[in-house]
Amino acid sequence: MIRVEAEPPQFKIAPLPVAHDQGVPPGIPGAMPGTASGLRVIPPMFVRAEISQANPYPDADNKITVTLQANVPLTNNSVIHVTHLVGSATPDGWLTLGDLETGSVTNTTAGW
């Protein structure tokens, strides 16, 4: 518990517990009641992680869509690993990423 107290030379101010702000700050993905309280740190995490496919049939062209949203900015040198995708006919190598929904992505290729 955070407390505040003071001892000026003339008198003493009794300790007092400090109330935490139980509000939810706007615009912070993953925020919950109490996020605005002092010294509260939210760990970096993905607040949205989804994967889907366009076609469920074998031997047909398919488009895999991975949607990610982090609660912190990802820098230009961030590396995101998507693993355990098995059974693809796509050869290993670099792929061009498509349908990027944000203009903040600077690296538009990915290793496969």
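1. Start with Asn-55. A polar atom of its side chain lies 3.3 Å from the backbone oxygen of Asp-61. The model is predicted, so this distance is a computed one. Asn-55 sits in the loop between β3 and β4. Is Asn-55 buried or exposed? Its relative accessibility is 18%, and that counts as buried because the cut-off is under 20%. Beyond its neighbours within four places in sequence, Asn-55 is in contact with Ala-60, Asp-61 and Asn-62. Asp-61 therefore appears twice for this residue: in the 3.3 Å pair and among the contacts.

2. Stay in that loop and look at Asp-59. Asp-59 also lies between β3 and β4. Its phi is positive, at about 60 degrees, although Asp-59 is not a glycine. Asp-59 has 87% relative accessibility and counts as exposed. The cut-off for that word is over 50%. So the loop holds Asn-55, which is buried, and Asp-59, which is exposed.

3. Now step back to the whole chain. How many helices and strands does the chain have? There are zero helices and six strands. Along the sequence the pattern reads β-β-β-β-β-β. The chain has 112 residues, and 6% of them count as buried. It exposes about 9500 Å², with carbon and sulfur atoms supplying 57% of that area. Take the contacts in the chain with a separation of 6 or more: residues 24 or more positions apart account for 16% of them.

4. Check the confidence before reading details. The mean pLDDT of the chain is 77. Of its residues, 87% reach 70 or more. Where is confidence lowest, and where is it highest? It is lowest in strand β6, residues 109-111, at a mean of 70. It is highest in β3, at 88. Where pLDDT is low, the predicted coordinates should not be read in detail.

5. Next, the surface. A nonpolar patch there has about 970 Å² of accessible area together. Its members include Phe-46, Ile-51, Ile-64, Val-66, Leu-68 and Trp-112. Val-72, Leu-74, Ile-80, Val-82, Leu-85 and Leu-95 are also among them. Which elements give two or more residues to the patch? They are β3 (46-53) and β4 (64-70). β4 gives the most, with three residues.

6. Two patch members in β4 deserve a look. Val-66 lies in strand β4, and Leu-68 has its place there too. Val-66 has a relative accessible area of 38% and is partly exposed. Leu-68 has 35% and is partly exposed as well. Both values qualify for the patch because its residues need over 30% relative accessible area.

7. Val-66 also links to another patch member. Val-66 and Ile-51 are 15 residues apart along the chain. Their C-alpha atoms are separated by 4.5 Å. Which residues does Val-66 contact, leaving aside its neighbours within four places in sequence? They are Glu-50, Ile-51 and Val-82. Ile-51 and Val-82 belong to the nonpolar patch.

8. Glu-50 leads to the salt bridge. The structure holds one salt bridge. In it, the side chains of Arg-48 and Glu-50 meet at 3.3 Å, N to O. This pair qualifies because the cut-off is within 4 Å. Arg-48 is partly exposed, with a relative accessible area of 36%. Glu-50 is partly exposed too, at 43% relative accessibility.

9. Turn to the loop between β2 (13-17) and β3, where Pro-29 is found. Pro-29 counts as partly exposed, at 25% relative accessibility. Pro-29 and Val-47 are 18 residues apart in sequence. In space they are 6.6 Å apart, C-alpha to C-alpha. Not counting residues up to four places away in sequence, Pro-29 touches Val-47, Gln-69, Ala-70 and Asn-71.

10. Pro-25 has its place in the loop between β2 and β3 as well. What does Pro-25 touch, not counting residues up to four places away in sequence? Its partners are Ala-31, Thr-35 and Ala-36. Pro-25 and Ser-37 are 12 residues apart in sequence and 9.8 Å apart in space, C-alpha to C-alpha.

Definitions and conventions:
Residues numbered from 1 in each chain as written. Predicted model: local features only at pLDDT ≥ 70, side-chain atom pairs only at ≥ 80, totals over all residues. Heavy atoms only, no water. Patch = residues over 30% accessible without salt bridge, like charges linked within 9 Å, V, L, I, M, F, W, Y side chains within 5 Å. Areas by Shrake-Rupley, 256 points an atom, 1.4 Å probe, with all protein chains shown as cover. Helix = DSSP H or I, 4+ residues; strand = E, 2+ residues; numbered from the N terminus. Buried < 20%, exposed > 50% of the residue type's maximum accessible area, 1.4 Å probe, protein only. Contact = heavy atoms within 4.5 Å. Polar contact = N/O pair within 3.5 Å; in protein donor to acceptor, adjacent residues only side chain to side chain. pLDDT = per-residue confidence, 0-100.
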